[in-house]
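Visitor: Could you take me on a close look at a single part of this structure? I am new to it, so please explain the terms as you go.

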Amino acid sequence: CICLKSYQKGEGEGFFGLIRTLGPGYTTFTFCYFVQILVLIGLLDSMLGLQLAFIMIYASPDVGLHCCALLGLLLLQLAFTSLSLFFSSITRDSLLFLTLSILSLLGIWLISYADQLFTGSFFSVGQFLKVSSPYRIFTNLMGGSCLPSDLLIMGIWIIFPLGLASIQGET
């Protein structure tokens, strides 16, 4: 009752502070917010799965290729979402959050060309960035190449920013 009255009065910070003192930590909040976004992305991507079902009725596509492409799309969306949650945890300014999120989209795309950007003594850094690029992994999955190392790298791109967001939120 106190929580709801505090929230209705516009004291949202007091509301969340009170909820945190009742038990769950910031890691739980970060995870719950990520799961909400995951459900929304799943609903949007399920329309693509429905489209695949209709294609399978009227044609005979390579189901493995389509499932691999859907997996690549989902992993790229989750990597961007976890980066956005990290940016949300380090700033309270909405405009700065939007700018950082858009720049992270540009960065995810540019990392795939890192071997062309870094030359000379930094060529190995460029190669490392290119191999770990979420966009490169997405294009590989779109082509049907589902390697365990790529899935591991995408898992790191998803889990590491979420961990940083929960650590940042606790401080």
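Guide: Here is a walk around one helix and its partner.

This is a predicted model, in which local features need pLDDT of at least 70 and side-chain atom pairs count only at pLDDT 80 or more, while totals for chains, interfaces and linings use all residues. Residues are numbered from 1 along each chain as its sequence is written, and side-chain values use heavy atoms, with hydrogens and water left out.

Our part is helix 8, which covers residues 134-142. Helices here are DSSP runs (H or I, at least four residues), numbered from the N terminus. At the start of helix 8, serine 133 has a side-chain oxygen within 3.3 Å of the backbone nitrogen of tyrosine 135. Within the helix, Pro134, Arg136, Ile137, Phe138 and Leu141 are buried; that word means under 20% relative accessible area, counting protein chains only and using a 1.4 Å probe.

Let us stay with arginine 136. Its side chain meets that of aspartate 150 in a salt bridge, at 3.1 Å from N to O. Aspartate 150 lies in helix 9 (residues 148-170) and arginine 136 in helix 8, so the pair ties together parts that are 14 residues apart in sequence. The term salt bridge stands for a side-chain nitrogen of Lys or Arg within 4 Å of a carboxyl oxygen of Asp or Glu, and by this rule the count comes to one. Both partners, aspartate 150 and arginine 136, are buried.

Finally, glycine 144 follows helix 8, and its phi is positive, near 95 degrees.

Definitions and conventions
Buried < 20%, exposed > 50% of the residue type's maximum accessible area, 1.4 Å probe, protein only. Helix = DSSP H or I, 4+ residues; strand = E, 2+ residues; numbered from the N terminus. Polar contact = N/O pair within 3.5 Å; in protein donor to acceptor, adjacent residues only side chain to side chain.
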